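Please find below a colleague's note on the charged side-chain pairs of a structure. Kindly read the points with the sequence and the model open beside the text.

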Amino acid sequence: MIPVLIAYTTTEGQTRKVAEFMAGALAEQGYRADVVDVASGRAAGVQPLYAVAIVGGSVHMGHHAPELARFLRTHAGWLASVPLALFSVSLTAAREGPDSESTTARMMEDLLKETGLEPVKSCRVAGALRYSEYGPVKRMAVRSVARAAGAPVDEDVEFTDWDDVRRFAVEFARDFSGAPREVA
Ligand SMILES: Cc1cc2nc3c(=O)[nH]c(=O)nc-3n(C[C@H](O)[C@H](O)[C@H](O)COP(=O)(O)O)c2cc1C
């Protein structure tokens, strides 16, 4: 089985859900996907034993988590030698249009700064808002981001397009892992 690394950061859990969903979609296609939370103790011990790597995280207050940048810097040596796909989970990605796309592109560039890494594929994943799980301070912070994005400011909502997520992971693995192509 072709081994695929899926490394992620999450704050409220949506990116974990995305990472595990990708792993499930890849397993259905016969890949062996290892899912690693880069904020966990396992992250430093990740071995360069993968045919391809998918790395991603969520955006809070305009940035990806510093742990994600640290993971990319720490493992940049071998990540540069395998096909790398990057995904970014945010509310920004729930909006269509050039402004939203350029905002995500800038946040991804920031993340890759000082790593020298050049992903062969990237994906914007629309996240979720879970007001019912936030404390009062977080709820207030999210409301201002949501208001600016025209998203609900009080009810829980999941924007994630799961078909898109599946397509991104499966097409990346199919096109870049060296797996034999099915004959049409
Ligand atoms: C406190 C807070 C701040 C956020 N700031 C932003 C932001 O600046 N830009 C954005 O596009 N999304 C923002 N979001 C939306 C998150 O990216 C979205 O909720 C995502 O699903 C979180 O993923 P996670 O659960 O994996 O951390 C914010 C969410 C929270 C809770």
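The numbered points below concern salt bridges and the residues that form them.

1. The model under review is predicted. Side chains of opposite charge can pair when their charged atoms come close. In this structure, nine salt bridges are present.

2. One of these salt bridges joins the side chains of E12 and K138, with an N to O distance of 2.6 Å. E12 belongs to the loop between β1 (3-9) and α1 (14-28), whereas K138 belongs to helix α5 (residues 136-149), so the pair ties together parts that lie 126 residues apart in sequence.

3. Are the two partners of this pair buried or exposed? E12 has a relative accessible area of 31% and is therefore partly exposed. K138 has a value of 34% and is likewise partly exposed.

4. A salt bridge also forms between R130 and E158, whose closest N and O atoms are 3.1 Å apart. This pair links distant parts of the chain: R130 is found in the loop between β7 (128-129) and α5, and E158 in strand β8 (residues 157-158), 28 residues apart. E158 counts as partly exposed, because its relative accessibility is 34%.

5. Which residues are linked with R130 and E158 in a network of salt bridges? The network consists of K17, R130 and E158.

6. R174 and D175 form a further salt bridge, in which the closest N and O atoms are 2.9 Å apart. R174 is partly exposed, with a relative accessible area of 38%. D175, at 32% relative accessibility, also counts as partly exposed.

Notes:
Residues are numbered from 1 along each chain as its sequence is written. This is a predicted model: local features need pLDDT of at least 70, side-chain atom pairs count only at pLDDT 80 or more; totals for chains, interfaces and linings use all residues. Side-chain values use heavy atoms; hydrogens and water are left out. A salt bridge is a side-chain nitrogen of Lys or Arg within 4 Å of a carboxyl oxygen of Asp or Glu. Helices (H or I, at least four residues) and strands (E, at least two) are DSSP runs, numbered from the N terminus. Buried means under 20% relative accessible area, exposed over 50%, partly exposed in between (1.4 Å probe, protein chains only).
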